[in-house]
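Please keep the sequence and the model open side by side while reading these notes. They move from the overall fold to one helix, then to a loop, and finally to a pocket.

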Amino acid sequence: IQTGNDPRRFVEDVLERLRDLVIVDAVEADAPAVLRGVPADEIARMAADGGTDIGAVVTFTGLCRSEKGVLAALELEHYPGMAEAEMERIAREAEGRWPIDALTIIHRYGKIVPGEGIVLVLAASAHRAAAFEAAEFLMDYLKTRAPFWKKEHRKDGSSGDWVAAKD
């Protein structure tokens with residue numbers, strides 16, 4: 001589990017720790033490059049590190065929407081330590097439900113502009129059904145119960161709303 005501000009170090013650490021099976025992190029939004037290129041890099045790393053029995057890797061990247069041009073940014077807040085611990089807990093639960101060979105969860109916080117990535121989930125398994133189901137389970141949790149709070153920043157400068165968790 002790691003929280004940090006340096007996107008280069010973060011990506012390097014993610015790649016180094018892939019063999020640890022579960023990677024969970026919250027990373028500050030001023031590191032937009034963190035979600036770019038990571039899935040391909042991690043998939044290649046899985047294969048290089050002996051992951052030759054992995055038959056499926058499901059990736060999900062959640063992006064910040066502009067809400068039809070209204071939104072200038074979305075600000076995500078979290079409690080450091082608590083968010084990572086909860087993501088770790090839910091990742092372990094996914095491991096208990098499906099035969100997962102590797103998981104990666106990266107969730108950004110801070111101000112994120114439309115088009116930038118907010119969340120990345122990778123689930124790897126010998127079979128596609130387990131990878132898809134685990135990724136969907138993790139995203140459902142992140143969308144509805146993870147301890148992140150979102151505030152809208154509108155282009156017209158008007159006060160934005162706190163966004164409620166979605167079911």
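1. The model discussed here is a predicted one, and the protein in it has four helices and eight strands. Followed along the sequence, these elements come in the pattern β-α-β-α-β-β-α-β-β-α-β-β, which can be traced on the structure before turning to details.

2. Of the 167 residues of the protein, 47% count as buried, while the protein as a whole exposes about 8600 Å², with carbon and sulfur atoms supplying 50% of that area. If one takes the contacts between residues at least 6 apart in sequence, 73% of them join residues at least 24 apart.

3. Helix 4 covers residues 128-144, and its length can be checked by a short calculation: at 1.5 Å a residue, its 17 residues should span 24 Å, and because its end C-alpha atoms are 24 Å apart, the model agrees with the expectation.

4. Which residues of helix 4 are buried? They are Ala-130, Ala-131, Ala-134, Ala-135, Phe-137, Leu-138, Met-139, Tyr-141 and Leu-142. When reading such a list, it helps to recall that an α-helix has 3.6 residues a turn, so residues three or four places apart point the same way. The buried residues of helix 4 pack against strand 3 (56-63), helix 3 (82-97), strand 5 (100-112) and strand 6 (117-125).

5. The loop between strand 3 and strand 4 (71-78) deserves a careful look, and Glu-67 is placed in it. Lys-68 lies in that loop between strand 3 and strand 4 as well. Most residues other than glycine have a negative phi. Glu-67, however, has a positive phi of about 50 degrees although it is not a glycine, and Lys-68, also not a glycine, has a positive phi of about 60 degrees. Glu-67 is partly exposed, with a relative accessible area of 37%, whereas Lys-68 is exposed, with a relative accessible area of 86%.

6. The largest pocket holds about 530 Å³ of space and is lined by 25 residues, of which Leu-74, Ile-118, Lys-143, Lys-150 and Val-163 lie nearest its centre. Strand 3, strand 4, strand 6, helix 4 and strand 7 (148-154) each supply at least two residues of this lining.

7. What kinds of residue make up the lining of the largest pocket? They divide into 15 nonpolar, three polar and seven charged residues.

Note on methods. Residues numbered from 1 in each chain as written. Predicted model: local features only at pLDDT ≥ 70, side-chain atom pairs only at ≥ 80, totals over all residues. Heavy atoms only, no water. Expected span 1.5 Å × (residues − 1). Buried < 20%, exposed > 50% of the residue type's maximum accessible area, 1.4 Å probe, protein only. Contact = heavy atoms within 4.5 Å. Areas by Shrake-Rupley, 256 points an atom, 1.4 Å probe, with all protein chains shown as cover. 1 Å grid on protein atoms, 1.4 Å probe; cavity = no way out; pocket = protein on both sides within 12 Å on 5 of 7 lines; lining within 4 Å. Points joined across faces, edges and corners; volume = space filled by probe spheres on them. Nonpolar A, V, L, I, M, F, W, Y, C, P; charged D, E, K, R; others polar.
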